[in-house]
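I opened my notebook to keep a short record of what I looked up, one entry at a time. The structure I was reading goes here first.

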Amino acid sequence: MKLSELQQMTSRGEKIAMLTCYDATFAKLMEHAGVDILLVGDSLGMVLQGAENTLNVSMHHMTYHTKSVAAGAPNTLIMADMPLGSYEHDNEAAYKNAAWLIKSGAHMVKFEGGGDRINTARYLIERGIPVCAHLGFTPQSVNQLGGYKIQGKTQESAEQILNDAKAMSDAGASFVLLEMVPAALAKKITEGIKVPTIGIGAGVDCSGQVLVIQDLLGIYTGPASKAPHEFKSPRFTKNFLQETNSIQQAVSNYVQAVKNKTFPAIEHSY
Ligand code: KIV
């Protein structure tokens, strides 16, 4: 599906179902299960490479996995993450790296942060590269944020996220992704900006939802350095494989649950 068609879904009130994807086998499965957007997320640093966070993911990793996903899903919109260090320093480098992801098969890129990043978004969009802004909890800033914490809980930080979302939408971003923010704030942002929002831990009122595929299947048990029993899945995840014995069916059930607004439920939201 094309970007413009996805944006029209929101005008019709239809929810967007997005999942992370890192290889051709899952890409094909997801395309046939009706997933609207495949995100080649830098979460691959955690779920594929076993790291504690996403900070060591490189452009080489991202382009390798983007090519694999593009090979498996020729008819689905592919969004690729810009890894830490690939876009923050200067706009020319950001453009060069974004173009590398597009040449690898992505249709658009996502990067984290508001503030100075609004200028970066504008620079890429003016040069024909569609952008998704990632706001709220931004995993590449995990050290600065002091861990995996909900963002936008104080009035000041809620206003900051709302203003960044508005500025990104005005700059021409195609989507705003909201991670781990109170559901009420995500609703306010969704109603207050011109472009669709995609939520993860942001409540049911976003225009669409995203999950990490390993979380949807209930198979992620934390970094390689920790024992599985030490890991507690984040509140916003749901194991869709528990209700079926087929991965294809679990993915379809997720798509249906997003479309009929039964996922995320209150227990998955903040
Ligand atoms: O990298 C990723 O998978 C993401 C999602 C958590 C939204 O950015």
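My entries on this model, which is predicted, follow below.

**Entry on the ligand.** I began with the ligand, and I noted that the space it takes is the largest pocket. I then listed the residues that surround the ligand, and among them I found Thr-20, Leu-39, Gly-41, Ser-43, His-134, Glu-179 and Val-210. Next I looked up which side chains have an N or O atom close to a ligand oxygen: for Asp-42 the distance is 3.1 Å, for Asp-81 it is 3.0 Å, and for Lys-110 it is 2.7 Å. I also wrote down that the ligand taken alone exposes 260 Å², of which the protein buries 95%.

**Entry on Gln-151.** I located Gln-151 in the loop between α7, residues 142–145, and α8, residues 155–171. Is Gln-151 buried or exposed? I recorded it as buried, because its relative accessibility is 16% and the cut-off for buried is under 20%. Leaving out residues up to four places away in sequence, I found that Gln-151 touches Gly-136, Phe-137, Leu-145, Ile-161, Met-180, Val-181 and Pro-182. A polar atom of the Gln-151 side chain also lies 2.9 Å from the backbone oxygen of Lys-149.

**Entry on Met-180.** Since Met-180 is in the list of residues touched by Gln-151, I looked at Met-180 next, and I found it in the loop between β6 and α9, the latter being residues 183–192. Its phi is near 50 degrees, which is a positive value in a residue other than glycine. Met-180 counts as buried, at 8% relative accessibility.

**Entry on Ala-173.** I found Ala-173 in the loop between α8 and β6, where β6 is residues 175–179. Ala-173 has a relative accessible area of 2%, so I entered it as buried. Not counting residues up to four places away in sequence, Ala-173 touches Ile-125, Val-131, Met-168 and Val-195. I also checked Thr-154, which is 19 residues from Ala-173 along the chain, and their C-alpha atoms are separated by 25 Å.

**Entry on the segment after α11.** I turned last to Lys-261, which is found in the segment after α11. The phi of Lys-261 is near 65 degrees, again positive in a residue other than glycine, and this residue counts as partly exposed, at 46% relative accessibility. Pro-264 also lies in the segment after α11, which is residues 247–259 in the case of the helix itself. I closed the entry with the peptide bond that joins Phe-263 and Pro-264, which is cis, with omega about 0 degrees.

Definitions and conventions: Residues numbered from 1 in each chain as written. Predicted model: local features only at pLDDT ≥ 70, side-chain atom pairs only at ≥ 80, totals over all residues. Heavy atoms only, no water. Helix = DSSP H or I, 4+ residues; strand = E, 2+ residues; numbered from the N terminus. Buried < 20%, exposed > 50% of the residue type's maximum accessible area, 1.4 Å probe, protein only. Contact = heavy atoms within 4.5 Å. Polar contact = N/O pair within 3.5 Å; in protein donor to acceptor, adjacent residues only side chain to side chain. Near = heavy atom within 4 Å. Areas by Shrake-Rupley, 256 points an atom, 1.4 Å probe, with all protein chains shown as cover. 1 Å grid on protein atoms, 1.4 Å probe; cavity = no way out; pocket = protein on both sides within 12 Å on 5 of 7 lines; lining within 4 Å. Sits in = over half its atoms within 2 Å of the grid points.
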